[in-house]
Amino acid sequence: PAQSMEELVSLCKRRGFIFQGSEIYGGLQGFYDYGPLGVELKNNIKAAWWRSNVYERDDMEGLDASIIMHRMVLRHSGHEATFSDPMIDNKKNNKRYRLDHLLKDQKADVIAKVAAEMGESVDNFAAVVAALNAQPAKASEVFKTAGVRDPFSGEVGDWTEPKPFNMMFKTTIGPVADDESYGYLRPETAQGIFTNFKNVVDSTSRRLPFGIAQIGKAFRNEITPRNFIFRVRELEQMEIEFFVVPGTDEEWHEHWLEKRLKWWEDQGVPRGKIEILDVPKEDLAHYSKRTYDLMYDYPTLGHEEIEGIANRSDYDLGSHTKSQSELGLVAKVEENADSIAKLTIPHPETNKPVVPFVIEPSAGVDRAMLAVLSEAFTKETLENGSERIVLKLKPHLAPIKVAVIPLARNKEEITSVAKQIKGELQSLGLGRVLYEDSGNIGKAYRRHDEVGTPYCVTVDFDTVGKGEDPALVDTVTVRDRDTLAQERVKISELAQWIQAKLR
Ligand code: ATP
């Protein structure tokens with residue numbers, strides 16, 4: 001695996017996985033663009049998730065809802081009131097920070113001082129942050145006296161009181177900008193699933209338990225986007241809302257925890273690298289009864305959330321439904337006089353309308369990319385003493401499945417055979433097959449090691465009967481990314497050979 005974030009960032013830029021957004025104008029913080037190989041890897045991760053969660057199950061439907069949503073959706077979801085992070089400003093230079101990030105970045109003795117002043121244990125970081133938020137005036141004083149430094153200037157800051165900052169992006173809809181013609185870019189894809197619950201049930205005749213899966217962009221105006229694609233303002237999520245009979249929710253929560261860990265393992269992210277955090281009550285999101293956060297051990301960052309698996313109880317459907325008072329809701333919801341739909345489904349045993357509980361596995365695509373790349377990243381010293389970087393990606397995730405390389409790029413008899421092979425392999429539907437004539441063979445191999453191409457197929461003079469050994473006519477060299485073994489394979493058997501290896 002990668003030893004530092006830096007070596008990943010460098011590889012991603014060098015080989016065309018990930019670029020800074022709007023780079024030619026100086027870049028836009030918190031936005032990234034996925035390059036020629038990044039888009040392939042990202043698509044492959046999403047396809048693997050969809051295959052496993054939609055196609056291979058018999059209790060899931062898919063959805064692709066719109067990104068901009070009615071302001072009422074985000075009001076009744078609770079996001080207008082509570083989707084905020086605490087921010088704090090340094091009056092000396094007008095820099096703004098997320099309170100917990102700022103504190104985490106301080107030296108240990110400073111953190112200890114702040115914790116002591118707030119009357120909390122330094123071992124319970126979340127409690128310290130909660131105390132600071134609860135007593136903003138005291139927080140400001142304590143930050144000054146404890147000597148909390150501004151990470152930008154390095155000097156002790158003159159700190160304001162912390163206050164909540166809502167992270168939703170708001171946008172005007174239509175030609176008239178008045179008080180009501182605005183909507184929000186969704187901060188999670190989940191809300192599109194809840195608002196379509198009735199549509200999906202009515203159009204598919206689903207009964208409990210069943211789920212709706214969605215992959216798509218979400219937007220959060222993070223106060224301090226950082227750590228490459230780990231914390232961005234435009235992100236992509238892979239989310240499932242799995243609807244269950246109330247009372248069976250805890251069992252399903254465990255089911256999904258297991259399923260998701262297994263899936264990460266299949267993508268090359270081993271269990272041993274993921275810690276399961278049973279989120280303490282005081283840290284739970286406004287909708288959650290219980291949440292498991294999967295904390296992957298990122299290079300440089302350490303254990304940070306890659307996926308959250310939440311028991312959202314009947315909070316969401318209960319918040320968005322009409323006739324709330326008749327439905328025996330368990331969650332505490334705000335009154336809703338705006339919804340025109342009753343979000344219930346027949347109880348499978350009694351047939352009485354019920355608002356189901358929801359288990360939500362929610363994974364970030366960008367954080368998945370980072371973890372997958374990090375696990376695949378390998379530095380090896382070869383027998384001849386030279387060093388190579390190789391991405392040992394699972395073949396189903398590799399951006400390029402096979403590179404077909406003509407040994408001489410100006411010899412028609414060689415290039416025409418190579419192009420024919422490329423076409424044949426491409427038609428197998430394995431993913432991208434690249435006709436690679438960009439440089440000498442050594443460079444091509446090194447490049448394909450670095451981007452994780454499982455096989456390189458080389459067409460040479462022997463292939464076309466211009467070599468020394470007549471036995472090699474109509475054969476090609478296939479080089480294995482991981483073992484570096486080179487094997488001569490008959491062209492007539494190549495498609496089958498590759499297919500068997502990549503299955
Ligand atoms: P964090 O505590 O790191 O801000 P969160 O608890 O707000 O994350 P959730 O609301 O649970 O995150 O979102 C579900 C998933 O979406 C996360 O596990 C993560 O993979 C992804 N995600 C959330 N925010 C971001 C972001 N700013 N950039 C990239 N991915 C994100």
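Trainee: What makes a charge positive or negative here, and how far apart are the mean positions of the two kinds in the protein chain?

Mentor: Lys and Arg count as positive and Asp and Glu as negative, while His and the chain ends are not counted, and each charge is placed at NZ of Lys, CZ of Arg, CG of Asp or CD of Glu. By that count the protein chain has 65 positive and 79 negative charges, with mean positions 3 Å apart. This is a predicted model, in which local features need pLDDT of at least 70 and side-chain atom pairs count only at pLDDT 80 or more, while totals for chains, interfaces and linings use all residues. Residues are numbered from 1 along each chain as its sequence is written, and side-chain values use heavy atoms, with hydrogens and water left out.

Trainee: How many helices and strands does the protein chain have, and what box do its C-alpha atoms fill?

Mentor: There are 16 helices and 24 strands in the protein chain, where helices (H or I, at least four residues) and strands (E, at least two) are DSSP runs numbered from the N terminus. Taken along the principal axes, the box filled by the C-alpha atoms is roughly 85 × 65 × 50 Å. The protein chain exposes about 23,500 Å², of which carbon and sulfur atoms supply 48%; such areas come from the Shrake-Rupley method with a 1.4 Å probe, and for residues only the protein chains shown count as cover.

Trainee: Why is Phe-228 called buried, exposed or partly exposed?

Mentor: Buried means under 20% relative accessible area, exposed over 50%, and partly exposed in between (1.4 Å probe, protein chains only). Phe-228 has a relative accessibility of 11%, and therefore it counts as buried. Phe-228 sits in the loop between strand 10 and strand 11 (234-244), and its phi is positive, about 60°, although it is not a glycine. Across the protein chain, buried residues make up 52% of the 503 residues.

Trainee: What makes a positive phi worth pointing out, and where is Asp-474?

Mentor: Most residues other than glycine have a negative phi, and most peptide bonds are trans. Asp-474, in the loop between strand 22 (455-459) and strand 23 (475-480), has a phi near 65°. Its relative accessible area is 48%, so Asp-474 is partly exposed. As for peptide bonds, a cis one joins Leu-208 and Pro-209, with omega about -5°, and Pro-209 lies in the loop between helix 10 (197-204) and strand 10 (210-219).

Trainee: Which residues come nearest to the ligand, and how do you know that Phe-230 makes a polar contact with the ligand?

Mentor: The ligand has 16 residues around it, and those that come nearest are Glu-222, Arg-231, Val-232, Glu-305 and Ile-306; a residue counts as near if one of its heavy atoms lies within 4 Å. A polar contact is a pair of N or O atoms within 3.5 Å (within protein, one must be able to donate a hydrogen and the other to accept it, and residues adjacent in sequence count only if both atoms are side-chain atoms). A polar backbone atom of Phe-230 lies 3.2 Å from a nitrogen atom of the ligand, and a polar backbone atom of Ile-306 lies 2.9 Å from a ligand oxygen. A backbone N or O atom of Gly-364 is likewise 2.9 Å from an oxygen atom of the ligand. Of the 600 Å² that the ligand exposes when taken alone, the protein buries 84%. Strand 11, strand 14 (302-313) and strand 17 (357-364) each give two or more residues to the shell, and strand 14 gives the most, with 4 residues.

Trainee: Why is Arg-481 called buried or exposed, and which residue's side chain does its own side chain join in a polar contact?

Mentor: The relative accessible area of Arg-481 is 4%, so this residue is buried. Arg-481 is placed in the loop between strand 23 and strand 24 (486-490), and its side chain is joined to that of Asp-482 by a polar contact of 2.7 Å. Apart from neighbours within four places in sequence, Arg-481 is in contact (heavy atoms within 4.5 Å) with residues including Arg-388, Asp-449 and Pro-454.

Trainee: Which backbone nitrogen does the side chain of Asn-336 reach?

Mentor: The side chain of Asn-336 reaches the backbone nitrogen of Asp-338 at 2.8 Å, and a polar atom of that side chain lies 3.0 Å from the backbone nitrogen of Ser-339. Asn-336 has a relative accessible area of 10%, so it is buried.
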